[in-house]
Amino acid sequence: MSSTFLSYAVCRCTIAFIWFYHGLVPKLLYLHEDELAMSMATGLSRAGAEQLAIIGGAFEIGMSVAVLLFWRQRWPLLLTAVAMFGLLVFVAMFQPVLLGAAFNPVTTNIAVMALSVVGLHLQRLVVSHNV
């Protein structure tokens, strides 16, 4: 196994894990108050925020699957990078208090964006060399 392929696999699998974990744990298994607060800050009722969290959790688990299933395609990594930026802007606009919390969206989203960019670079090498 080449070091390029190993690095690519680490990027893809880590991104997939993060999507999966953030969809399952704070949204579907243990609906976290921060998840609800972000949605309710936009004007949604608690019930609406709970529904949105379930939909969001399902979407995030779907993204996890897409990142792994479409291994040689760029769009899951591009969508991940764009989504992380958009979600960070969303938090900054509607729940800026979360930006100063421990394990906050700034560090998480920027790290996932960086992994996506590295994965996109490595994807070209892996596909062009059939690694």
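This is a chat about aromatic pairs and a helix contact in a predicted model.

Student: Before we start, what kind of model is this, and how are residues numbered?
Tutor: The model is predicted, so local features need pLDDT of at least 70 and side-chain atom pairs count only at pLDDT 80 or more, while totals for chains, interfaces and linings use all residues. Residues are numbered from 1 along each chain as its sequence is written, and side-chain values use heavy atoms, with hydrogens and water left out.

Student: OK, how many aromatic pairs are there?
Tutor: The count comes to 6 aromatic pairs, where rings of Phe, Tyr and Trp (its six-membered ring) pair if their centres lie within 6.5 Å, and planes under 30 degrees apart count as stacked, over 60 as edge-to-face and the rest as tilted.

Student: What about F5 and W71, which sort of pair is that?
Tutor: Their ring centres are 6.3 Å apart and the planes stand at 50 degrees, so the pair is tilted.

Student: And where do F5 and W71 sit in the chain?
Tutor: F5 is in helix α1 (residues 3–29) and W71 is in the loop between α3 (46–69) and α4 (75–94), so the pair links distant parts of the chain, 66 residues apart. Helices here are DSSP runs (H or I, at least four residues), numbered from the N terminus, and strands are runs of E with at least two residues. F5, Y8 and W71 form one aromatic cluster.

Student: How do the planes of W19 and F59 lie?
Tutor: W19 and F59 are edge-to-face, with 6.2 Å centre to centre and 90 degrees between the planes. W19 lies in helix α1 and F59 in helix α3, so this pair ties together parts that are 40 residues apart in sequence.

Student: Is W19 buried or exposed?
Tutor: W19 counts as buried at 5% relative accessibility, whereas F59 is partly exposed, with a relative accessible area of 47%. Buried means under 20% relative accessible area, exposed over 50%, and partly exposed in between (1.4 Å probe, protein chains only).

Student: Switching topic, which residues meet between α3 and α4?
Tutor: M63, A66 and V67 in α3 meet W75, P76, L79 and T80 in α4, contact meaning heavy atoms within 4.5 Å.

Student: What else does V67 touch, and is V67 buried or exposed?
Tutor: Not counting residues up to four places away in sequence, V67 touches R12, I15, A16, W19, P76 and T80. V67 counts as buried, at 0% relative accessibility.
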